[in-house]
Amino acid sequence: MAILPIIKAPDPVLKKRCVPVDRVDDETRRLMDDMLETMYEAPGVGLAAPQVGVPRRIIVVDTSDPEGDRTPLRMANPEIIAASEELALREEGCLSFPQQYEDVERPLTVRVRYLDHENEIREFDADGLLAVCVQHEIDHLDGVLLVDHLSTLKRSIILRRMKKLKKELAGARA
Ligand code: K1U
Ligand code: ZN
């Protein structure tokens with residue numbers, strides 16, 4: 001397994017619509033495992049393939065307690081097949097926007113269909129942090145970012161901060 005660099009916004013790869021996976025093969029499984037290791041190390045509770053520069057419809061999520069048994073989910077071609085009418089406002093973070101946390105309104109519960117790491121179709125109902133996280137990760141696969149849920153003013157403030165942060169990181173590396 002390997003820890004992959006996480007792409008920080010703004011970056012064109014984060015704005016692309018990702019392509020579906022034909023079949024979950026060994027290469028896809030390896031990518032899923034590398035993404036999980038990258039997510040745990042960050043640390044985070046989810047990660048989408050475009051965040052590691054791969055424009056394919058693959059996400060990993062684990063919202064379980066880090067002190068207990070972990071329950072990683074590896075998903076290819078995840079889709080929301082039902083969503084509650086009831087909405088909830090919840091604070092979200094994003095590993096591509098370090099240190100930025102903003103409230104986003106989304107359906108409170110969702111039903112998700114996906115291909116698992118053995119290429120089997122699976123479905124589950126999600127609420128709480130898992131529901132928020134899966135919706136956030138599927139957004140990534142459609143090139144939709146945390147800032148796209150915010151007002152124009154908040155979005156431009158955060159993007160300005162990110163450009164500054166990326167310049168500082170590039171300077172520190174040079
Ligand atoms: O997609 C990502 O950038 C990962 C993101 C997922 C997410 C978190 C919270 C709400 C919606 C989506 C993160 O994991 S940000 C980091 C984070 O929230 C966290 C970090 C350590 C422990 C617990 C949470
Ligand atoms: Zn994110």
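A pocket is an open set of grid points at which a 1.4 Å probe fits, with protein on both sides within 12 Å along at least five of seven lines, and its lining residues have an atom within 4 Å of a point. In the predicted model described here, the largest pocket is lined by 27 residues. Those nearest the centre of this pocket are Pro43, Gly44, Gly93, Cys94 and Leu95. Two or more lining residues come from each of helix H1 (26-41), strand S4 (87-92) and helix H2 (128-141). H2 provides the largest share of the lining, with six residues. The space in the largest pocket amounts to about 530 Å³. Sorted by class, its lining consists of 14 nonpolar, eight polar and five charged residues.

Two of the peptide bonds in the model are described next. Pro43, among the residues nearest the pocket centre, is placed in the loop between H1 and strand S1 (46-48). The peptide bond that joins Ala42 to Pro43 is cis, and its omega is about -5°. A cis bond is also found from Ala9 to Pro10, where omega is near -5°. Pro10 belongs to the segment before H1. Most residues other than glycine have a negative phi, and most peptide bonds are trans.

Positive phi values occur at Asn77 and Gln99. Asn77, which is not a glycine, has a phi of about 50°. This residue lies in strand S3. Its relative accessibility is 21%, so Asn77 counts as partly exposed, a class that begins where the buried class, under 20%, ends. For Gln99, also a residue other than glycine, phi is near 65°. Gln99 is located in the loop between S4 and strand S5 (102-107). With a relative accessibility of 68%, Gln99 is classed as exposed because the value is over 50%.

The cysteines were examined for covalent links. A disulfide is a covalent bond between the sulfur atoms of two cysteines. The structure contains zero disulfides. Cys133 takes part in none, and the nearest cysteine sulfur to its own, that of Cys94, is 10 Å away. Since a disulfide requires the two sulfur atoms to lie within 2.5 Å, the distance between Cys133 and Cys94 does not meet the cut-off. Cys94 has a relative accessible area of 7% and is therefore buried. Cys133 is likewise buried, at 5% relative accessibility.

In soluble globular proteins, nonpolar side chains tend to be buried together. The largest nonpolar core in this model has 17 residues. Ile59, Val61, Leu73, Met75, Phe124, Leu130 and Val134 touch the most other members of this core. At least two core residues are supplied by each of strand S2 (58-61), strand S3 (73-83), S6, S7 and H2. The largest contribution is that of H2, with six residues. H2 thus appears in both settings, as it also gives six residues to the lining of the largest pocket.

One aromatic pair was found. A pair of aromatic rings is described by the distance of the centres and the angle of the planes. The rings involved are those of Tyr114 and Phe124, with centres 5.8 Å apart and planes at 80°, so the arrangement is edge-to-face. Tyr114 is part of strand S6 (residues 110-115) and Phe124 of strand S7 (residues 121-126), so the pair ties together parts ten residues apart in sequence. Both Tyr114 and Phe124 are buried. Phe124 is also one of the residues that touch the most other members of the largest nonpolar core.

Two further contacts bring together residues that are separated along the chain. Met35 is situated in helix H1. Its relative accessibility is 0%, so Met35 counts as buried. The C-alpha atoms of Met35 and Met1 lie 8.9 Å apart in space, although the two residues are 34 residues apart in sequence. Glu86 occupies the loop between S3 and S4. At 54% relative accessibility, Glu86 is exposed because the value is over 50%. The C-alpha atom of Glu86 is 5.8 Å from that of Pro107, with their positions 21 residues apart along the chain as the separation in sequence.

Note on methods:
Residues numbered from 1 in each chain as written. Chains lettered and ligands numbered in written order. Predicted model: local features only at pLDDT ≥ 70, side-chain atom pairs only at ≥ 80, totals over all residues. Heavy atoms only, no water. Buried < 20%, exposed > 50% of the residue type's maximum accessible area, 1.4 Å probe, protein only. 1 Å grid on protein atoms, 1.4 Å probe; cavity = no way out; pocket = protein on both sides within 12 Å on 5 of 7 lines; lining within 4 Å. Points joined across faces, edges and corners; volume = space filled by probe spheres on them. Helix = DSSP H or I, 4+ residues; strand = E, 2+ residues; numbered from the N terminus. Nonpolar A, V, L, I, M, F, W, Y, C, P; charged D, E, K, R; others polar. Phe/Tyr/Trp six-rings, centres within 6.5 Å; stacked < 30°, edge-to-face > 60°. Core = buried A, V, L, I, M, F, W, Y, C linked by side-chain atoms within 4.5 Å.
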